[in-house]
Amino acid sequence: MKVNAPVSDQKIMDYGVPKRSTRPETKRARTANQKIPKWAYLLFILLAAFVTYRIFLHRATEVKAAQPAPRPASVAKVVTKDVPLYLDEIGTCAAYETVLVQAQVSGVIIGRHFQDGSDVKKGDLLFTIDPRPFQAALDQAKAQAQLDQVTLKRQEDLRARKVISQQDYDTAVANAQKSQGATEAAQVNLDWCYIKSPINGRVGLRNVDVGNLVGPSTSSLVTIQGLDPIYTDFTVAQNDLPLVRKYLGGSNVKVETYLADGSITPRIGDLYFIDHAVQPGSGTVKARGVTPNPDRALWPSEFVLVRFILDTLKDATLVPSQAVQISQAGPFVFVVKSDNTVELRPVTPGQRQEGNLTVIENGVKADETVVVTGQLALSPGAKIAPQPYAPDGSAVSKSAMSYE
């Protein structure tokens, strides 16, 4: 059964939408529910601090990553010591003495008493010429001298008694002196039959053998050269003459001789001679030194290296030669500061010295530290990780050497 009952709009709205309460208690409850607790504020502060710390740490990491790492570089201390001021030249050796042994009398060689190329001393017997003819001449001269002496004695007795004239006496004296001279000459000729070495030295290759007839007109029998000491001949360029003249005559002027292969210890001798004129065409001046050669290691005509020492530089400043670099502005070195940063320092280099060192005339001081290797990766203000420099290339522990 259908029932049509009218329903009002007001009732429908009342059932579909709850009515808003207007009581004061309801408003206070709603306000209390919307209030934020204190622990929420604390949590917010902690989270903000954490985020800020993470951001700061991230930025610090980025800045640190942007800075380059210290560059590894080998370093060495600047040292001071006495070093020579020198000129390097090329020279040759020459025998200190050269003797061409020749026969002084004519005769047949009956003996040779040396080995070719051997060392001999002054007075050693080299050759023997047949002495028999000269011995006979000496015996004859002695007999005549003895007879003349007896005659002179008799004439002196007669002269004392005024039996003979003064002329006869003078003739007897002259004959005695003449025979005495003939005896001495015969003795000299006999001595020349025994040819001896006039110097200490080394004999060369003989030119004659036993059985050859020799005499004063024949060529030399053998050559002897004195090798200790030995001459060192070299030349000085005319451009270096002002420097040489400045120190010439000083007590420190020396001549150092050595071989290019380093097979002998360098030998220091004295300057013996320097020429007074420049050679035409070459523009050089001849010089000669006297070099000790006790072991005969240096031979005549051998090419040698010569260091012409002019003076001694007292307390010279030295750095390893590799430390000196060249730029468009000139030579420079990197000096290491106390904080391991480097400073570019212009320098004036001098001569290179033994031990791969170079003299620095100005620009660095003693006990400063310079970079020896690794300069290509450096710039002024760059920081390095210093390592001790090993000249021979071997590794050196940090404990072996300390740097400030």
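Biologist: Which side chain meets D270 in a salt bridge?

Modeller: First, a caution: this is a predicted model. Now the general idea. Side chains of opposite charge can pair when their charged atoms come close. Here D270 pairs with K254, at 2.9 Å from N to O. D270 sits in strand β11 (residues 267–274) and K254 in strand β10 (residues 254–258). The two residues are 16 apart, and the pair links distant parts of the chain.

Biologist: How accessible are D270 and K254?

Modeller: D270 has 42% relative accessibility, so it falls between the 20% and 50% cut-offs and is partly exposed. K254 is also partly exposed, at 28%.

Biologist: How many salt bridges are there by this rule?

Modeller: The count is 12. Take R288 and D233 as another case: their closest N and O atoms are 2.6 Å apart. R288 belongs to strand β12 (residues 284–291), while D233 belongs to strand β9 (residues 222–237), so the bridge ties together parts 55 residues apart in sequence. R288 is partly exposed, with a relative accessible area of 23%.

Biologist: Is R345, in its salt bridge with E343, buried or partly exposed?

Modeller: R345 is buried, at 17% relative accessibility. Its partner E343 is partly exposed, at 29%. The closest N and O atoms of R345 and E343 are 3.3 Å apart. Elsewhere, D88, R307 and E354 form one network through salt bridges that share partners.

Biologist: Now the nonpolar side. Which residues have the most contacts inside the largest nonpolar core?

Modeller: To read a core, look for buried nonpolar residues joined through side-chain atoms. The largest one here has 23 residues, and L126, F127 and I129 have the most contacts inside it. At least two residues of this core come from each of β5 (125–129), α4 (132–160), α5 (166–191) and β9. A separate core has 20 residues, including L87, V255, L259 and V306.

Biologist: What does L126 touch?

Modeller: Skip residues up to four places away in sequence. Among the residues L126 then touches are V101, F114, V120, I195, V203, V222 and I224. R112, H113 and K196 are also among its contacts.

Biologist: At what angle do the axes of α4 and α5 cross?

Modeller: Roughly 160 degrees, with the axes coming within 8 Å. An angle over 145 degrees counts as roughly antiparallel, so that label fits α4 and α5. Their crossing is left-handed.

Biologist: Where is V105 found?

Modeller: V105 is in the loop between β2 (79–101) and β3 (107–112). The cut-off for buried is under 20%, so V105, with a relative accessible area of 5%, is buried. The C-alpha atoms of V105 and W192 are separated by 6.6 Å, yet these residues are 87 apart along the chain.

Biologist: Which residues is V105 in contact with, leaving aside its neighbours within four places in sequence?

Modeller: V105 contacts I129, F134, N189, W192, C193, V214, G215 and P216. I129 also appears among the residues with the most contacts inside the largest nonpolar core.

Biologist: Zoom out. How many helices and strands are in the protein chain?

Modeller: The chain has 6 helices and 20 strands. Of its 404 residues, 31% are buried. For contact range, consider contacts between residues at least 6 apart in sequence: 74% of them join residues at least 24 apart.

Note on methods:
Residues are numbered from 1 along each chain as its sequence is written. This is a predicted model: local features need pLDDT of at least 70, side-chain atom pairs count only at pLDDT 80 or more; totals for chains, interfaces and linings use all residues. Side-chain values use heavy atoms; hydrogens and water are left out. A salt bridge is a side-chain nitrogen of Lys or Arg within 4 Å of a carboxyl oxygen of Asp or Glu. Helices (H or I, at least four residues) and strands (E, at least two) are DSSP runs, numbered from the N terminus. Buried means under 20% relative accessible area, exposed over 50%, partly exposed in between (1.4 Å probe, protein chains only). A nonpolar core is a set of buried Ala, Val, Leu, Ile, Met, Phe, Trp, Tyr and Cys residues joined through side-chain atoms within 4.5 Å. Contact means heavy atoms within 4.5 Å. Axes are lines fitted to C-alpha atoms, for helices over the stretch in contact, and angles run from 0 to 180 degrees between N-to-C directions. Angles under 35 degrees count as roughly parallel, over 145 as roughly antiparallel, 65 to 115 as roughly perpendicular and the rest as oblique. A crossing is left-handed if the near helix is turned anticlockwise from the far one by less than a right angle, and right-handed if clockwise.
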